Amino acid sequence: MTATEVRTAALFTAADRCDCCPAPATTRAVLRTGDDLVFCDHHFRRNQAALIPLATMFERHVELDEALAFVPAFTGR
Ligand SMILES: [Zn+2]
């Protein structure tokens, strides 16, 4: 079973930081234990392979435009 990746805007504020370094947080890994870990892009990529068996979901912070692009397009133009 693989973890679901969810893209969402406004997941973090500028005050949210990676658990491994002072960089801004971009990803929250929700673990099967119920705990969660917060990573910057760099540390998420570095730890992703190890996290996949442990996580149920990765929430990725994206800009609003990109989050909206994940929603099925409105076709009634
Ligand atoms: Zn980091």
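Start by selecting H43: this residue is partly exposed, because 19 other C-beta atoms lie within 10 Å (20 or more would make a residue buried and 12 or fewer exposed, with C-beta atoms placed from the backbone). A word on what you have open: this is a predicted model, in which local features need pLDDT of at least 70 and side-chain atom pairs count only at pLDDT 80 or more, while totals for chains, interfaces and linings use all residues. Residues are numbered from 1 along each chain as its sequence is written.

Keep H43 on screen and add C18, C20 and C21, which H43 touches when residues up to four places away in sequence are left out (contact puts C-beta atoms, placed from the backbone, within 7 Å).

Now show the cartoon. H43 lies in helix α1; helices (H or I, at least four residues) and strands (E, at least two) are DSSP runs, numbered from the N terminus.

Next, colour the strands. Four of them form an open sheet in the order β1-β4-β2-β3, with mixed pairing; strands pair if DSSP finds at least two bridges between them. At the edges, pairing on one side only, are β1 (4-8) and β3.

Zoom in on β2 (residues 27-31) and β3: they run antiparallel, joined by four bridges. Pick A29 and you will find its bridge partner, L37, in β3.

Last stop: select A25, A29, V38, F39, C40, F44, A55 and F58, the largest nonpolar core. Such a core is a set of buried Ala, Val, Leu, Ile, Met, Phe, Trp, Tyr and Cys residues joined through C-beta atoms within 7 Å.

Note on methods. Contact = placed C-beta atoms within 7 Å.
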